[in-house]
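Work through the following exercises with the sequence and the coordinates at hand. Each task is followed by a solution in steps.

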Amino acid sequence: MATRSCREKAQKLNEQHQLILSKLLREEDNKYCADCEAKGPRWASWNIGVFICIRCAGIHRNLGVHISRVKSVNLDQWTAEQIQCMQDMGNTKARLLYEANLPENFRRPQTDHEDRILETTAAITLLLNKGLFALCQALTMAFYVHFFFIYFSK
């Protein structure tokens, strides 16, 4: 059983992590979901380093932890490594990195287009099941969504 001292240290560390996450969520791009731009994301894909809404968090979770590792900003405990990943990336840097080659006419999926998001998830799952695991693993969810909306929305 953990001693009172250990529990207090863990609680203090968790409070520090919550302060850092709260500060990060006040940055302009982090105020919106990295995938669909829904306001006020309360979830994060910590290995990708982006803040996302609950709907997109579900999509990320369905992809598996080998692609996206999702945590609640408020409800889950965070490690120092996970916090560092969020500090190193954030939605602004992630967009610059993962969306650098999007065409100018690209339209980001919106939160009210749940059917399109679900279709995208199904297409990603199909690719994973067809043995394109290495390709899918190398990409992020943001790129998946953009790729499939561009090429399969016609």
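**Exercise 1.** Determine whether cysteine 33 is buried or exposed, and what its sulfur has for a neighbour.

Solution. Step 1: cysteine 33 has a relative accessible area of 0%, which makes it buried (buried is under 20% relative accessible area, exposed over 50%, partly exposed in between, with a 1.4 Å probe and protein chains only). Step 2: the nearest cysteine sulfur belongs to cysteine 56 and is 3.7 Å away. Step 3: a disulfide is a pair of cysteine sulfur atoms within 2.5 Å, and cysteine 33 is in no disulfide.

The model is predicted: local features need pLDDT of at least 70, side-chain atom pairs count only at pLDDT 80 or more, and totals for chains, interfaces and linings use all residues. Residues are numbered from 1 along each chain as its sequence is written, and side-chain values use heavy atoms, with hydrogens and water left out.

**Exercise 2.** Repeat the analysis for cysteine 36, then give the number of disulfides in the structure.

Solution. Step 1: the structure holds 0 disulfides. Step 2: for cysteine 36, the nearest cysteine sulfur is that of cysteine 53, at 3.6 Å, and cysteine 36 is in no disulfide. Step 3: cysteine 36 is buried, its relative accessible area being 2%.

**Exercise 3.** Locate aspartate 35 and find a polar partner for its side chain.

Solution. Step 1: aspartate 35 sits in the loop between α1 (4–25) and β1 (43–45); helices (H or I, at least four residues) and strands (E, at least two) are DSSP runs, numbered from the N terminus. Step 2: with a relative accessible area of 3%, aspartate 35 is buried. Step 3: its side chain makes a polar contact of 2.7 Å with the side chain of histidine 60. A polar contact is a pair of N or O atoms within 3.5 Å; within protein, one must be able to donate a hydrogen and the other to accept it, and residues adjacent in sequence count only if both atoms are side-chain atoms.

**Exercise 4.** Describe the sheet: which strands are at its edges, and how do β1 and β3 pair?

Solution. Step 1: 3 strands form an open sheet in the order β2-β1-β3, with antiparallel pairing. Step 2: β2 (50–52) and β3 (70–72) are the edge strands, each pairing on one side only. Step 3: β1 and β3 are antiparallel over 3 bridges, where strands pair if DSSP finds at least two bridges between them. Step 4: tryptophan 43 has serine 72 in β3 as its bridge partner.

**Exercise 5.** Characterise the surroundings of serine 45.

Solution. Step 1: serine 45 lies in strand β1 and is buried, at 0% relative accessible area. Step 2: beyond its neighbours within four places in sequence, serine 45 is in contact (heavy atoms within 4.5 Å) with residues including Val50, Ile52, His60 and Met86. Step 3: the side chains of serine 45 and serine 68 form a polar contact of 2.7 Å.

**Exercise 6.** Which residues does asparagine 74 touch, leaving out those up to four places away in sequence?

Solution. Step 1: asparagine 74 is in the loop between β3 and α3 (80–88). Step 2: asparagine 74 is partly exposed, with a relative accessible area of 41%. Step 3: asparagine 74 touches Gln18 and Arg42. Step 4: the C-alpha atoms of asparagine 74 and glutamine 18 are separated by 7.2 Å, although the residues are 56 apart along the chain. Step 5: the side chains of asparagine 74 and arginine 42 are joined by a polar contact of 2.7 Å.
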